[in-house]
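User: Please take a close look at the empty spaces in this model, open or enclosed, and at what lines them. Add whatever helps to place the linings within the fold.

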Amino acid sequence: MMDLAAEYNNRAMVPDHAEIIARWHKDASAYRASHEGELDIPYGARPRNRVDLFPADGGQGQGPVIVFIHGGYWRSFDKSTFSHVAGPANAAGFDVAVPGYSLCPDVTVADIIDELRQCCLFLGQRSGRRLVVTGHSAGGHLAAAMAATEWQLYGARQDLIQACLAVSGLFDLRPLMVTPYNDDLRLSAAAAMAASPLFWPMPSRIPFDSWVGAEESFEFRRQARSLAAGWAGFGLPCRYEEVAGENHFSIGDLLARPRHPMTLRLLELARG
């Protein structure tokens, strides 16, 4: 029988995860110091409802705003840990937004989904442009949730989201109910289903990419495949990629590398 607690314990699977996370903090701080951005813009009422906006090199970008949503099992990390992810997209002429959000157990996963919807509505109204959403781990889940949202129900254009690239995302939250993470997430069966994009109605016909490290657990690779396969079955243009040699933490570095295939794919999706 599969040990789900072990399958979802990424820190135990990656002994050098602390070094990788320390590098994220260092690189993010250096990026903020060298690239002028508009930080801590409020988009909602809660204290962590703030978004950092990094403009394209040379001024306001053209095309969609790229939105990077951080991970941390909906219970840890902060937007300030991931500022550097904006680098390659800024250099390519795109504005990048890095939102923060409230964390479990102070709020539920459903609350976080609603907060990110608020943020996307805010960014769409502020810029007058469409969005390309991406994110890592829990951020991959939240990016997919944004891609599958019926935006017309929120008074926005239905095509607010132009494309989505999820990195190591979780799209069926039911397995987490039997892991220690549920002490903070507090998912019931009904809440897990309701917060899982895998079970939502068919989203708009936008490109959806799901990328995952080949060295990640069976469950993370299964999760990444599941939504790409499910949405492809509805006729959406989907792509699934396993990145050789990358684990759950090291894959979080890749969008900061301007010539990596995953970064190039994100920019391709942004260019339409």
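Analyst:
**Pockets, cavities and their surroundings**

Of the contacts (heavy atoms within 4.5 Å) between residues at least 6 apart in sequence, 77% join residues at least 24 apart in the chain. The model is predicted, and local features are reported only at pLDDT of at least 70, side-chain atom pairs only at 80 or more, while totals for chains, interfaces and linings use all residues. Residues are numbered from 1 along each chain as its sequence is written, and side-chain values use heavy atoms, without hydrogens or water.

The chain contains ten helices and eight strands (DSSP runs numbered from the N terminus, with H or I over at least four residues for a helix and E over at least two for a strand). Its C-alpha trace extends about 55 × 40 × 35 Å along the principal axes. Of the 272 residues, 55% are buried (under 20% relative accessible area with a 1.4 Å probe, protein chains only; exposed is over 50%, partly exposed in between).

*Open spaces*

The largest pocket has a volume of about 220 Å³. On a 1 Å grid over the protein atoms alone, a pocket is an open set of points with protein on both sides within 12 Å along at least five of seven lines, a cavity is a set where a 1.4 Å probe fits but cannot get out, and lining residues have an atom within 4 Å of a point. Points are joined across faces, edges and corners, and the volume is the space filled by probe spheres set on them.

The lining of the largest pocket comprises 16 residues, and Arg11, Gly72, Tyr73, Phe77 and Phe249 are the ones nearest its centre. By class there are six nonpolar, eight polar and two charged residues in this lining (Ala, Val, Leu, Ile, Met, Phe, Trp, Tyr, Cys and Pro are nonpolar, Asp, Glu, Lys and Arg charged, the others, Gly among them, polar).

Phe249 also takes part in an arrangement around Asn247, a residue of the loop between strand E8 (238-243) and helix H10 (261-271). The side chain of Asn247 reaches two backbone nitrogens, that of Phe249 at 2.8 Å and that of Ser250 at 2.7 Å. Asn247 counts as buried because its relative accessible area is 17%. Beyond residues up to four places away in sequence, Asn247 touches Val14, Ile20, Glu215 and Glu216.

For the second largest pocket the volume is about 180 Å³. Its lining consists of Glu38, Leu53, Pro55, Gly59, Gln60, Val65, Asp95, Leu123, Arg126, Ser127 and Arg129. Helix H5 (residues 109-127) contributes most, with three residues. Four residues of this lining are nonpolar, three polar and four charged.

*Enclosed spaces*

Over the whole structure, four cavities of 30 Å³ or more are found. The largest cavity has a volume of about 70 Å³, and around it are Ile66, Phe68, Val85, Pro88, Ala89, Val96, Thr134, Leu255, Thr263, Leu266 and Leu267. Strand E3 (65-69), helix H4 (86-91) and H10 each provide at least two of these residues, with H10 giving the largest share, three. Nine residues of the lining are nonpolar, two are polar and none is charged.

Ala270 belongs to H10 as well. With a relative accessibility of 3%, Ala270 is buried. Apart from neighbours within four places in sequence, Ala270 is in contact with Pro64, Ile66, Phe94, Val132 and Gln162. Ile66 in turn is one of the residues lining the largest cavity. Gln162 lies 108 residues from Ala270 along the chain, yet their C-alpha atoms are 7.6 Å apart.

The second largest cavity has a volume of about 40 Å³. The residues that line this cavity are Ala147, Thr149, Trp151, Gln158, Asp159, Ile161, Ser204 and Ile206. Four of them are nonpolar, three polar and one charged.

*A residue of helix H6*

Helix H6 (residues 138-147) holds His141. His141 is buried, at 0% relative accessible area. Its side chain reaches the backbone oxygen of Ala195 at 2.7 Å. Setting aside neighbours within four places in sequence, the contacts of His141 are Trp74, Val109, Ile113, Gly169, Leu170, Phe171, Leu173, Ala195 and Pro197.

Key: A polar contact is a pair of N or O atoms within 3.5 Å; within protein, one must be able to donate a hydrogen and the other to accept it, and residues adjacent in sequence count only if both atoms are side-chain atoms.
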